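Colleague: I'm new to this one. Can you walk me through it?
Modeller: Sure, here it is.

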Amino acid sequence: GGGALTVGGTFDFNGGNAAINGNVVINGTLSSGGDAMQMTGANTTLSGTGDVVDTTIEIDATGVSVPVGADLAFDANSEIDVAANVNPASLTVNGTLDGTAQAAGDRIIRVSTGGSLTVGATGIIDAPNSRLEVRDGASATNDGTITIGELRGRAGGTTPVFTQGNNSTL
């Protein structure tokens with residue numbers, strides 16, 4: 001069924017993955033101890049102004065969005081994986097994903113096969129040392145502002161697609 005996860009303090013699900021079929025609001029610290037939080041509900045939101053620590057957020061549904069006003073900070077061991085387990089899956093970023101705490105070689109976002117990432121006009125991905133990876137059969141479109149250290153395409157068969165929109169910054 002549906003539902004929501006609201007993190008106001010520290011939510012630590014160390015020792016296992018969590019599947020959430022609803023909206024996720026992080027206004028504290030979300031920590032998994034190296035596991036994953038799977039967003040499985042279509043047309044849901046990932047929002048708040050908190051911290052993501054030692055966690056992969058797996059977007060396994062279509063229509064997931066980071067709305068205007070969201071400002072989520074990712075540590076060196078955290079990332080978003082669009083279509084990690086289920087495809088098609090999609091993420092639209094209209095808020096801010098902050099990876100400034102990440103170092104060279106860290107990954108802020110991976111768009112896996114069957115995944116789609118769109119950075120809207122108000123969207124910001126600020127991860128100057130990190131990489132954004134677009135894999136086989138995946139696509140990314142930037143209509144906002146992306147600051148990253150490396151844009152990596154991973155192709156073995158179908159070529160990944162990255163589209164830079166008008167009036168956008170990469």
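**Asp 60, β13 and Asp 126**

Modeller: A polar contact (an N or O pair within 3.5 Å, one able to donate a hydrogen and the other to accept it; sequence neighbours count only through side-chain atoms) joins the side chains of Asp 60 and Asn 85 at 2.8 Å. This is a predicted model: local features need pLDDT of at least 70, side-chain atom pairs 80 or more, while totals for chains, interfaces and linings use all residues. Numbering starts from 1 along each chain, and side-chain values use heavy atoms, without hydrogens or water.

Colleague: Where is Asp 60 placed?
Modeller: In the loop between β9 (56-59) and β10 (64-66). Strands are DSSP runs of E, at least two residues, numbered from the N terminus.

Colleague: Which side chain of opposite charge is nearest to Asp 60?
Modeller: Arg 110, 9.8 Å away. Asp 60 is buried yet has no salt bridge. Buried means under 20% relative accessible area, exposed over 50%, partly exposed in between (1.4 Å probe, protein chains only). A salt bridge needs a Lys or Arg side-chain nitrogen within 4 Å of an Asp or Glu carboxyl oxygen.

Colleague: New topic. Why is β13 largely enclosed?
Modeller: Four of its five residues (89-93) are buried, so the rest of the structure largely encloses β13.

Colleague: How many bridges join β13 to β16?
Modeller: Five, and the two strands run parallel. Val 93 has Val 119 as its bridge partner in β16. β10 also pairs with β13 in the parallel sense, over three bridges. Pairing takes at least two DSSP bridges.

Colleague: And Asp 126, how does it count: buried or partly exposed?
Modeller: Partly exposed, because its relative accessibility is 28%. Asp 126 sits in strand β17 (124-135).

How values were computed. Lys, Arg positive; Asp, Glu negative; His and termini not counted.
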